[in-house]
Amino acid sequence: MPELPEVETVVRSLQSRINGYTIDRIKIRDEKLLRDLKPDHLKRRAEGKRITDIRRRGKYILLEVGGEKLVVIHLRMTGKLLVLPSDETTEYQRISFQFQEGEKLVLDNMRRFGTLDLLESEAEEPLASLGLEPFREEYRWAKFRELFETRQPLKLLLLDQKKLAGLGNIYANEVLFRAGLNPLLPGQETNTAEREQLFELIPEVLTEAIENNGTTIDTFKDSAGEPGSFQNFLRVYNREGEPCEECGTEIVKEQQSGRSTYYCPDCQNVEGGTFEE
DNA sequence: AAGCGGTCCTGTGTGC
DNA sequence: TGCACACAGGACCGCT
């Protein structure tokens, strides 16, 4: 479910709703999401503390607690963070934070892939090894162009969080369509112009998606339970067999490393870097 | 050493 | 209708 735009949407909705709230009690229904973290440890370090900031790094949500500790949440495929009245709950509530102010934050996750960690800083794993962050100062052409020095196919390269933080399957497909590049093309076979195209397009597509509050294919909701609308602007993802909006050719779906890749065989040919009329 | 495939979960949609 | 199987926004782990 959530890629950078969806996570950003959740973070923004949390900022306006729970920033400054004080955590009264943490309830853990499913310890699996905590992995090695002991429930008591989490409670001891976070209960009674204020949420002093809410940020995003890649697809991770960072709750700053008491001005220092970070509760780091990853939603994986089906996770949601919902702000609900204290007396409400959801079918897949795994962990909840009850606030003194009278609402609660629910980590809801149907498939139990999500995670919650407690860190001292962003310098710790798993945040430490994340790659370039598209809207940060560090996102520079000099670094970006180097990411392509690999035999990895373009789409897998874009999905690699150690290279670039935030893209998932939907946006990797969409960015490659807009760039007119074949998802199967090895990174090292792209030229400078093509890399430049991607450098520009990635923040552009992500910005559009954020402006639309993300993409809701099935389950994605922000913290108020509102879906996004960028699914209405997808050009290839989830559109197998439909005509390409540029040329009318049927969109193709193909497995790449076990994940679905969608592309227009005509607009995204191996040599082609740009659309032709 | 990079890069691929399997695995973790649970629900939904499809085809027989 | 019922059952089996494929597939789903992600990322870690282990093998080659």
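How do the residues of the surface near DNA strand B divide into nonpolar, polar and charged? In this predicted model, the division is 5 nonpolar, 3 polar and 4 charged. The residues concerned can be named. Lys 32 and Tyr 92 are among those around DNA strand B. So are Met 110, Arg 111, Arg 112 and Phe 113. A further group comprises Thr 150, Arg 151, Gln 152, Pro 153 and Leu 156. Ser 257 completes the list.

The DNA side of this surface was examined next. Of the strand B atoms within 4 Å of the protein, 68% are sugar or phosphate atoms. The rest belong to bases. Individual polar contacts involve both kinds of group. The side chain of Arg 111 has an N or O atom 2.7 Å from a base oxygen of DNA strand B. For Arg 112, a side-chain N or O atom is 3.2 Å from a phosphate oxygen of the strand. Arg 151 uses its backbone instead: a backbone N or O atom lies 3.0 Å from a phosphate oxygen of DNA strand B.

Helix packing forms a second topic. Helix 6 spans residues 192–211, and helix 1 spans residues 4–18. Their axes come within 9 Å and cross at roughly 40 degrees. Angles under 35 degrees count as roughly parallel, and 65 to 115 as roughly perpendicular. Helix 1 and helix 6 are therefore oblique to each other. The crossing of helix 1 with helix 6 is right-handed. On the helix 1 side, the contact is made by Leu 4, Pro 5, Glu 8, Thr 9 and Arg 12. Leu 206, Ala 209 and Ile 210 meet them from helix 6. This contact comprises 5 nonpolar, 1 polar and 2 charged residues.

Helix 6 also packs against helix 5, residues 169–179. Here the axes are 9 Å apart, and the angle is about 125 degrees. Helix 5 and helix 6 are therefore oblique to each other as well. Helix 5 passes helix 6 in a right-handed crossing. From helix 5 come Tyr 171, Val 175, Leu 176, Arg 178 and Ala 179. Their partners in helix 6 include Gln 197, Leu 198, Leu 201 and Ile 202. Glu 204, Val 205, Leu 206, Glu 208 and Ala 209 of helix 6 also take part. The residues of this contact divide into 10 nonpolar, 1 polar and 3 charged. Leu 206 and Ala 209 appear in the contact with helix 1 and in the contact with helix 5.

Two backbone features were also noted. Most residues other than glycine have a negative phi, and most peptide bonds are trans. Arg 35 is not a glycine, yet its phi is positive, at about 50 degrees. Arg 35 sits in the loop between strand 1 (23–28) and helix 2 (39–46). The peptide bond joining Glu 125 and Pro 126 is cis, with omega about 5 degrees. Pro 126 belongs to the loop between strand 8 (115–119) and helix 3 (141–144).

How values were computed:
Residues are numbered from 1 along each chain as its sequence is written. Chains are lettered from A and ligands numbered from 1 in the order in which they are written. This is a predicted model: local features need pLDDT of at least 70, side-chain atom pairs count only at pLDDT 80 or more; totals for chains, interfaces and linings use all residues. Side-chain values use heavy atoms; hydrogens and water are left out. Axes are lines fitted to C-alpha atoms, for helices over the stretch in contact, and angles run from 0 to 180 degrees between N-to-C directions. Helices (H or I, at least four residues) and strands (E, at least two) are DSSP runs, numbered from the N terminus. Angles under 35 degrees count as roughly parallel, over 145 as roughly antiparallel, 65 to 115 as roughly perpendicular and the rest as oblique. A crossing is left-handed if the near helix is turned anticlockwise from the far one by less than a right angle, and right-handed if clockwise. Contact means heavy atoms within 4.5 Å. Ala, Val, Leu, Ile, Met, Phe, Trp, Tyr, Cys and Pro count as nonpolar, Asp, Glu, Lys and Arg as charged, and the others, Gly among them, as polar. A residue is near a molecule or strand if one of its heavy atoms lies within 4 Å of it. A polar contact is a pair of N or O atoms within 3.5 Å; within protein, one must be able to donate a hydrogen and the other to accept it, and residues adjacent in sequence count only if both atoms are side-chain atoms.
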